[in-house]
Amino acid sequence: MEKGYSKKEAAEFKKMLLKQREIVRQDMDSIEQETSASSLKEGVGELSNMPVHLADISAESYEQEFAAELLENKGEVAADIENALRKINEGIYGLCEICGKRIKKSRLRVIPYARYCIECQKKREEEEKSSLRSGE
Ligand SMILES: [Zn+2]
């Protein structure tokens, strides 16, 4: 079993993670505000003396669906970031959660919250693709 990156080695990634956590939180806040703002609009005036346009409604719900999906993705990233920060504290940062090998620093510089090494990530994506296909 390989060792994770030490706190010292992980310091540069910790900085990136903290920064990204801040950005993700701000993104989530603004998405939430936008969605609640657009649902507020529905209840306000104007609509009463105007025929309801179906196209508008579907665009609106599409927008909300999109926002919900976006929010879910951001939530997953936020969880991965927390997970990575916890691993730095425990001294197991940078280990692939599947094969236990060290994830290359070059990969962590792009995705500091990566949970898997590039090989395992590829395998997972292929499995997901094939399970989607067989599910049809
Ligand atoms: Zn791996």
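Leaving aside its neighbours within four places in sequence, with which residues is Cys-96 in contact? The structure above is a predicted model, and the answer is best reached after a view of the whole chain.

The chain holds four helices and zero strands. Read along the sequence, its pattern is therefore written α-α-α-α, with helices numbered from the N terminus. Of the 136 residues in the chain, 13% are buried. Among contacts between residues at least 6 apart in sequence, 71% join residues that are at least 24 apart.

The buried residues include those of the largest nonpolar core. In soluble globular proteins, nonpolar side chains tend to be buried together. The largest nonpolar core has 15 residues, and the members that touch the most other members are Ala-10, Leu-17, Ile-81, Ala-84, Tyr-93, Tyr-113 and Ala-114. Two elements give two or more residues to this core, namely α1 (7-42) and α2 (54-90). Helix α1 gives the most, with four residues.

Leu-17 offers a view of this core from helix α1, where Leu-17 is placed. Leu-17 counts as buried because 22 C-beta neighbours lie inside 10 Å, and the cut-off for a buried residue is 20 or more. Beyond its neighbours within four places in sequence, Leu-17 is in contact with Ile-81, Ala-84, Leu-85, Pro-112 and Tyr-113. The C-alpha atoms of Leu-17 and Glu-82 are 8.5 Å apart in space, although the two residues are 65 residues apart in sequence.

Tyr-93 offers a second view, from the loop between α2 and α3. Is Tyr-93 buried or exposed? Tyr-93 is buried, because 25 other C-beta atoms lie within 10 Å. Not counting residues up to four places away in sequence, Tyr-93 touches Gly-4, Tyr-5, Ala-10, Ala-84, Lys-87 and Ile-88. Tyr-93 and Tyr-113 are 20 residues apart along the chain, and their C-alpha atoms are separated by 9.3 Å. Another core member, Ala-114, is in contact with Ile-103, Arg-107 and Leu-108 when its neighbours within four places in sequence are left aside.

The opening question can now be taken up. Cys-96 has its place in the loop between α2 and α3 (105-110). With its neighbours within four places in sequence left aside, Cys-96 is in contact with Lys-101, Ile-103, Tyr-116, Cys-117 and Cys-120. One of these partners, Cys-117, is 21 residues from Cys-96 along the chain, yet the two C-alpha atoms are separated by 5.2 Å. Why does Cys-96 count as partly exposed? Cys-96 has 18 C-beta neighbours inside 10 Å, and a residue counts as buried if the number is 20 or more, exposed if it is 12 or fewer, and partly exposed in between.

Cys-99 also lies in the loop between α2 and α3. Cys-99 is partly exposed because 14 other C-beta atoms lie within 10 Å. Leaving aside neighbours within four places in sequence, Cys-99 is in contact with Cys-117 and Cys-120; these two residues are also among the contacts of Cys-96. Cys-99 and Met-1 are 98 residues apart in sequence, and their C-alpha atoms are 9.2 Å apart in space.

The contact partner Cys-120 leads to helix α4, which covers residues 118-134. Helix α4 has 17 residues and reaches 24 Å from its first C-alpha to its last, close to the 24 Å expected at 1.5 Å a residue. How many of the 17 residues of α4 are buried? The count is zero, and α4 is hardly covered.

Definitions and conventions:
Residues are numbered from 1 along each chain as its sequence is written. This is a predicted model: local features need pLDDT of at least 70, side-chain atom pairs count only at pLDDT 80 or more; totals for chains, interfaces and linings use all residues. A nonpolar core is a set of buried Ala, Val, Leu, Ile, Met, Phe, Trp, Tyr and Cys residues joined through C-beta atoms within 7 Å. Two residues are in contact if their C-beta atoms, placed from the backbone, lie within 7 Å. The expected span of a helix is 1.5 Å times one less than its number of residues.
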